[in-house]
Amino acid sequence: MTMGQESDGLNKMRDRVSRFLSGLLRHFPDKFGLRLDRYGWVELEKVARVVGERYRLSSEESMRIIKETVERDPKGRFELADGRIRARYGHSVKVDVNWSEGGEIPPVLYHGTSRKAVKSILEKGLLPMKRREVHLCENVSDAVTVGRRYDKCPVVLKINAGKMLKDGYTIRRKGKVLTTDYVPPEYISVYR
Ligand code: HQG
């Protein structure tokens with residue numbers, strides 16, 4: 001096997017593990033016998049055991065792949081600390097998401113969505129829907145990527161985050177993603 005083939009296989013495995021971890025740590029920990037604590041944390045060893053069984057990896061391999069997946073994740077989807085792991089955002093399970101990594105919140109944020117959701121969003125505001133938070137992006141191109149998950153020609157909404165903060169709303173930073181509980185229509189306009 002050449003180096004290229006080996007890393008292709010490894011990249012595919014990391015990709016699969018990343019998707020599985022997103023599901024496990026955001027949506028269905030109980031399906032695999034895991035219990036998240038109040039803030040979404042769970043012992044890394046337990047997660048490595050579940051991942052190892054699923055992908056037939058030794059516990060060392062599974063631990064290594066999880067750590068590499070977390071470190072290389074372009075969006076900072078996961079966080080490791082004190083032998084534990086959690087998803088930074090995207091939860092549907094009941095966890096306390098009310099924490100932030102600090103740092104400046106840009107005065108303008110973006111949200112990518114489908115064309116068919118726009119009318120309702122402009123009427124009712126941005127709701128968390130099946131998740132615990134509304135997810136926002138720092139730049140237009142990230143918002144387009146998010147919106148493409150639902151529509152090949154997504155709409156990008158511009159969020160007046162500066163005004164939201166001034167009016168007392170909380171916006172949290174979770175890796176590359178910014179989150180909030182709800183965005184009322186008055187802070188939303190169509191960017192493109
Ligand atoms: C829409 C992924 C109608 C909202 C992404 C969105 C993100 C409304 C959908 C992260 C509405 C919910 C989250 C309203 C909101 N009426 N539609 N009032 N309010 N919506 O998946 O932001 O790659 O829960 O516009 O990249 O798309 O998995 O939210 O289209 O960062 O790490 O309801 O998940 O990250 O969809 O995605 P979602 P999202 P990962």
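Me: Which domains supply the shell around the ligand?
Reply: In this predicted model, domain 1 (3–87) and domain 2 (108–190) each give at least three residues to the shell. The domain bounds come from an automatic or database assignment.

Me: What makes a residue part of the group that surrounds the ligand?
Reply: One of its heavy atoms must lie within 4 Å of the ligand. 19 residues surround the ligand. The closest are Lys75, His111, Thr113, Ser120 and Tyr150.

Me: Why does the pair between Arg77 and the ligand count as a polar contact?
Reply: The cut-off is 3.5 Å between N or O atoms. A polar side-chain atom of Arg77 lies 2.7 Å from an oxygen atom of the ligand, so the pair is a polar contact.

Me: What do Thr113 and Gly125 place by the ligand?
Reply: Thr113 has a polar side-chain atom 2.7 Å from a ligand oxygen atom. Gly125 uses a backbone N or O atom, 2.9 Å from a ligand nitrogen atom. Both pairs are within 3.5 Å, so both are polar contacts.

Me: How much of the ligand does the protein bury?
Reply: Taken alone, the ligand exposes 780 Å². The protein buries 87% of that.

Me: Where does the ligand sit?
Reply: The ligand sits in the largest pocket. That means more than half of its atoms lie within 2 Å of the pocket's grid points.

Me: Which elements give two or more residues to the shell?
Reply: Strand S4 (108–113) and helix H4 (118–124) do. H4 gives the most, with three residues.

Notes. Residues are numbered from 1 along each chain as its sequence is written. This is a predicted model: local features need pLDDT of at least 70, side-chain atom pairs count only at pLDDT 80 or more; totals for chains, interfaces and linings use all residues. Side-chain values use heavy atoms; hydrogens and water are left out. A polar contact is a pair of N or O atoms within 3.5 Å; within protein, one must be able to donate a hydrogen and the other to accept it, and residues adjacent in sequence count only if both atoms are side-chain atoms. Accessible areas come from the Shrake-Rupley method with a 1.4 Å probe; for residues, only the protein chains shown count as cover. On a 1 Å grid over the protein atoms alone, a cavity is a set of points where a 1.4 Å probe fits but cannot get out, and a pocket is an open set with protein on both sides within 12 Å along at least five of seven lines; lining residues have an atom within 4 Å of a point. Helices (H or I, at least four residues) and strands (E, at least two) are DSSP runs, numbered from the N terminus.
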